[in-house]
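Biologist: I'm new to this one, so could you walk me through it? I'll ask, you answer.

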Amino acid sequence: MEIACNVTRQAPLIAELVNLATAHQRGGASVRPLTGEDLAAAFAAQLGERTGAALRAVPDAGRRLGELAAELRQALLAEHPADQAGRINAMIRKYGAQPYLVEDVGQPFHLHFHGSGGTEVEALGGEFATALALIVDGYGPGRFGRCEAHQCEAVYIDLTRNGSRRYCGAACTARAKTAAYRSRRGGGTT
């Protein structure tokens, strides 16, 4: 099954929002989860110019994004598929995901599912919740996880063909491989 192109673009944004707002350790270092204006500014910088500006204009955007990030993290890391589906469905209802077709420049028509709550945060909430639902539908419920590298709480969304991803990014993959190598060679862990 081919998954919608906008879903593959949103997966890293979903993980980035969750990691910015909820992770206390990333890449082997302690970090302070972002809140308020810091969260709104950092996440808006990840978006396109128009969407980022609309997000920054939302009153209390940082608090709203923090709540969305917490809901997304709970859905991504739910222990059982039924719990995961229940959390994703609740978000779809909460954010009022409304499907519509969009033709972007250079791309065929594809579905978007902006939320109907009125602000850019609710629009993103509907879009992100539906993207997670489409990933579960297309790939199965086991495509979300927490980074397995030492001292990292970041989440990832695995869209690889074989579902083999276990780390949040290249840096943690390299750290884990180095630690495994040193462990095999008798040099301890790092």
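Biologist: Which residues does UniProt give for the feature "domain: Zinc finger CGNR"?

Modeller: Keep in mind that this is a predicted model. The label itself comes from the UniProt record, in an unreviewed entry. That entry puts the feature at residues 143-185.

Biologist: And how far apart are the end C-alpha atoms of residues 143-185?

Modeller: The span is 35% helix and 14% strand. From one end C-alpha atom to the other, the separation is 32 Å.

Biologist: Let's stay in there. Is A180 buried, partly exposed or exposed?

Modeller: A180 sits in helix α7, which covers residues 170-184. Buried needs under 20% relative accessible area and exposed needs over 50%. A180 has 32% relative accessibility, so this residue counts as partly exposed.

Biologist: How far is A180 from G27 in space, C-alpha to C-alpha?

Modeller: Along the sequence, A180 and G27 are 153 residues apart. In space, the C-alpha to C-alpha figure is 16 Å.

Biologist: What about Q151, which sign does its phi have?

Modeller: Q151 is in the loop between β5 (144-146) and β6 (155-157), and is partly exposed at 35% relative accessibility. Most residues other than glycine have a negative phi. Q151 is not a glycine, yet its phi of about 55° is positive.

Biologist: Where does D60 lie?

Modeller: D60 is another non-glycine with a positive phi, about 60°. With 40% relative accessibility, D60 counts as partly exposed. Its place is the loop between α3 (49-56) and α4 (61-76).

Biologist: Now the helices. Why do the buried residues of α2 line one face?

Modeller: Helix α2 runs over residues 36-44, and its buried residues are L39, A40, F43 and A44. Look down the axis of α2 and those buried residues fall within an arc of 120°, so they line one face of the helix. The value behind that is the arc, 120°.

Biologist: Take A40, then. Which residues is A40 in contact with, leaving aside neighbours within four places in sequence?

Modeller: A40 belongs to helix α2 and is buried, with a relative accessible area of 2%. Its C-alpha atom is 6.4 Å from that of R56, a residue 16 places away along the chain. Setting aside those sequence neighbours, the contacts of A40 are L55, A61, G62 and L65.

Biologist: Is T22 buried or exposed?

Modeller: T22 lies in helix α1, residues 5-22. Its relative accessible area is 17%, and the cut-off for burial is under 20%, so T22 is buried.

Biologist: Which side chain makes a polar contact with the side chain of T22?

Modeller: The side chain of T22 also reaches a backbone oxygen, that of V18, at 2.5 Å. Beyond neighbours within four places in sequence, T22 is in contact with P33, A69, A70, R73 and E153. The side-chain partner in the polar contact, at 3.0 Å, is R73.

Biologist: Last topic, α5 and α6. Which residues in α5 meet α6?

Modeller: The axes of α5 (residues 81-95) and α6 (residues 120-139) come within 8 Å and cross at roughly 150°. On the α6 side, the residues met are E122, G125, G126, A129, T130, L132, A133 and V136. On the α5 side, they are Q84, I88, M91, I92 and Y95.

Biologist: And which hand does that crossing of α5 and α6 have?

Modeller: The angle between the two axes is roughly 150°. As for the hand, α5 passes α6 in a crossing that is left-handed.

Key
Residues numbered from 1 in each chain as written. Predicted model: local features only at pLDDT ≥ 70, side-chain atom pairs only at ≥ 80, totals over all residues. Heavy atoms only, no water. UniProt positions renumbered as here; feature names shortened; annotations may be inferred. Helix = DSSP H or I, 4+ residues; strand = E, 2+ residues; numbered from the N terminus. Buried < 20%, exposed > 50% of the residue type's maximum accessible area, 1.4 Å probe, protein only. Arc of directions from axis to C-beta. Polar contact = N/O pair within 3.5 Å; in protein donor to acceptor, adjacent residues only side chain to side chain. Contact = heavy atoms within 4.5 Å. Axes fitted to C-alpha atoms, helices over the stretch in contact; angles between N-to-C directions. Left-handed = near helix turned anticlockwise from the far one by under 90°.
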